[in-house]
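I wanted notes on how the two chains are put together, working from the model on screen. The entries follow the order in which I looked things up.

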Amino acid sequence: MKELIVISGKGGTGKTSLLGAFASLAKDKVLCDADVDAADLYLILEPDIKERQDFQEGHKAIINLDKCTECGLCRELCRFHAISTEFIVDPIDCEGCGVCVYFCPEDAIDFPIKTCGELFISETRCGPMVHARLGIAEDNSGRLVTLTRKHAKELAEERGFNLILTDGPPGLACPVIASIAGATGVLIVTEPTLSGHHDMDRVVELANHFQIPAYVCVNKFDLNPKMTETIEAYAQDKGLPIMGRIPFDPIFTEAMVQKQTIIEYDGSSKAAGAVKEIWERLKSRL
Amino acid sequence: MIISIASGKGGTGKTTIATNLAVALGTDVNLLDCDVEEPNDHIFIQPDINYTERVSLKVPQVDMNKCSLCGLCQEICQFQAIVVVGKTVLTFPELCHSCGGCMEVCSEDAITEIDREMGIFESGSRNGLEFAYGRIFVGQVMAVPVIERVRAAVQPDKVNIIDAPPGTSCPVISSVKNTDFVILVTEPTPFGLNDLKLAVGMVKILNIPHGIVINRSDLGDDKVMEYANEENIPILMEIPFDRQIAETYSKGKLLVEELPDWKERFIHLHEKIMDHVREG
């Protein structure tokens with residue numbers, strides 16, 4: 001089973017648009033949206049949801065004020081300052097550690113499991129897709145990413161497919177690590193800006209840290225051709241294969257507005273041509 | 001005064017707004033970059049750093065000479081960060097949330113805490129502008145402890161501008177909670193709108209006044225504008241797509257220093273925010 005994850009470090013470099021285009025080009029694959037915090041792939045692929053499940057993870061403390069004697073031990077022990085002077089637990093500050101629950105001498109604190117999001121298994125015009133939605137202001141995004149990838153793998157096995165294409169989140173910490181752990185390879189999409197370069201350096205280091213092969217492509221390369229060269233030279237220096245360059249083109253936005261991948265919207269455009277080349281190179285690497 | 005800048009979707013222009021607003025206002029401003037996974041503000045500010053600190057989290061260390069293998073630590077830990085295996089106790093520091101439960105519950109006083117380093121906090125200044133930021137070490141899972149260290153650098157007598165990470169989950173919450181106003185930066189595309197709605201949901205839960213900045217305002221459709229009108233959220237500023245702006249950004253330069261009119265526009269943005277804060 002091959003699993004390719006598209007990541008970037010910096011947000012907004014074009015991960016989802018590119019993955020959408022790959023969805024139009026690749027055959028016999030499962031699509032997976034691991035950016036559970038701000039999932040957008042569904043906006044292009046308009047999935048028909050076949051199966052939905054609650055994502056339950058962790059607990060939150062709730063003080064039963066009828067039993068509470070206001071002894072204050074819970075406030076003293078809580079390191080997250082989540083309990084007010086009126087003995088109300090702030091659900092946002094509560095880390096779910098359960099220390100207050102354990103030590104409350106009156107057994108006055110409930111500790112129910114939380115529903116932090118939803119997971120969906122769907123059909124799209126480009127093939128089956130697993131996606132999720134983390135509840136707003138919820139934590140445990142890493143666990144939901146792991147669960148989403150697990151379902152994608154199961155679905156691929158069920159269908160006899162050999163490939164999973166996964167849209168990863170921006171950043172460097174928990175959800176990104178959960179997205180790339182154990183993957184066949186990552187495609188790092190960057191842009192020719194100092195910020196794009198800086199953020200790419202850190203995800204390259206992350207991919208190395210977890211010993212995952214990384215490939216690089218530069219989106220909107222013509223907005224600063226010099227910086228594109230600098231980034232490609234850096235990639236080469238690090239031994240990262242360069243998959244190609246994509247020109248800046250408003251058709252990415254136009255396609256998105258029409259709920260189409262750029263291959264569907266204008267397959268003969270220069271930008272679509274560049275994306276096809278990148279896909280061919282990636283395919284031969286995987 | 002604390003103004004935070006968030007977005008839902010990444011790459012919409014948070015850093016552009018945060019850095020240009022801070023420099024346009026000049027002195028009595030404290031810029032804090034809370035995107036500790038991928039901090040970028042320092043690229044544009046080029047501060048003189050005069051303070052560096054390693055940020056760490058307290059994690060348990062077990063003295064096996066005192067441990068009676070009772071297993072209470074394993075029982076209380078919600079994160080599977082401490083486990084009794086045979087005649088020893090294993091700790092998994094990367095899973096530890098530093099709640100202190102294991103140390104508290106240990107009947108033999110066998111658990112102490114040691115520091116686990118997760119990242120760096122730095123501060124400095126540039127032409128009277130105060131600046132601080134953090135960055136997690138590559139491979140670290142948790143961003144929040146480093147974000148909280150950056151938040152601790154808020155100066156109550158100054159205008160504090162906080163650049164938050166993208167998304168709507170815990171790192172963003174830590175960055176924007178208890179701020180006086182949130183600028184939500186978006187772009188007028190289906191992705192921008194979808195993620196803007198999530199960000200609005202978040203600031204509503206946190207009950208913070210907010211307004212919208214639309215970046216690359218001429219690339220896309222009118223749906224963000226329609227949404228803002230329906231929801232009665234003020235549009236504070238629109239920035240059109242312009243190759244000159246894109247180039248200035250790509251080189252790590254500030255609009256307020258490279259292009260005419262922008263300084264005034266960012267000062268005006270601040271005035272608009274202050275009006276909204278005063279109106280409550």
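The entries below go through domains, the sheet, helix packing and the chain contact.

**Entry 1: domains.** I kept in mind that this is a predicted model. I looked up the domain assignment of each chain. For chain A, I noted domain 1 as 2–56 + 117–285 and domain 2 as 61–111. For chain B, I noted domain 1 as 2–55 + 137–279 and domain 2 as 64–109. I then took the distance between domain centres over C-alpha atoms. In chain A, the centres of domain 1 and domain 2 lie 41 Å apart. In chain B, I read 41 Å between the centres of domain 1 and domain 2.

**Entry 2: the sheet of chain B.** I traced an open sheet of nine strands in chain B, with mixed pairing. Its order reads β3-β6-β7-β2-β8-β1-β9-β10-β11. At the edges I found β3 (48–62) and β11 (235–239) of chain B, each paired on one side only. From one strand to the next, the twist averages 20°. I looked at one pair in detail: β1 (residues 2–6) and β8 (residues 159–163) of chain B run in the parallel sense and share four bridges. Within that pair, I noted B:N160 in β8(B) as the bridge partner of B:I2.

**Entry 3: helices on the sheet.** Which strands does helix α1 of chain B touch? I listed β1, β2 (29–33), β7 (129–136), β8, β9 (181–186) and β10 (210–215) of chain B as touched by α1 (residues 14–25). The direction of α1(B) makes about 165° with that of β8(B). I also checked helix α5 (residues 144–151) of chain B, which lies across β2, β3, β6 (111–126) and β7 of chain B. Relative to β7(B), α5(B) runs at about 170°.

**Entry 4: α1(B) against α11(B).** I went back to α1(B) for its packing with helix α11 (residues 262–279) of chain B, and found an angle of about 95° with the axes 9 Å apart. The two helices, α1(B) and α11(B), are therefore roughly perpendicular. From α1(B), I noted B:N20, B:L21, B:A24 and B:L25 in the contact. They meet B:W262, B:K263, B:F266, B:I267, B:L269 and B:H270 of α11(B). By class, I recorded seven nonpolar, two polar and one charged residues in this contact.

**Entry 5: α7(B) against α8(B).** What angle do helix α7 and helix α8 of chain B make? I read about 25° between α7 (residues 190–206) and α8 (residues 223–231) of chain B, with their axes 9 Å apart. α7(B) and α8(B) are therefore roughly parallel to each other. I noted their crossing as right-handed. B:G192, B:L193, B:L196 and B:V200 in α7(B) meet B:K223, B:V224, B:Y227 and B:E231 in α8(B). The classes are five nonpolar, one polar and two charged residues.

**Entry 6: chain A against chain B.** I counted 50 residues from chain A and 52 residues from chain B in the contact. On the side of chain A, the elements giving two or more residues are α4 (99–103), α5 (141–159), α6 (174–180), α7 (194–209) and α9 (251–257) of chain A. The largest share of that side comes from α7(A), with eight residues. By class, I recorded 23 nonpolar, 17 polar and ten charged residues on the side of chain A that touches chain B.

Key:
Residues numbered from 1 in each chain as written. Chains lettered and ligands numbered in written order. Predicted model: local features only at pLDDT ≥ 70, side-chain atom pairs only at ≥ 80, totals over all residues. Axes fitted to C-alpha atoms, helices over the stretch in contact; angles between N-to-C directions. Parallel < 35°, antiparallel > 145°, perpendicular 65-115°, else oblique. Left-handed = near helix turned anticlockwise from the far one by under 90°. Contact = placed C-beta atoms within 7 Å. Nonpolar A, V, L, I, M, F, W, Y, C, P; charged D, E, K, R; others polar. Domains from an automatic or database assignment. Pairing = 2+ DSSP bridges.
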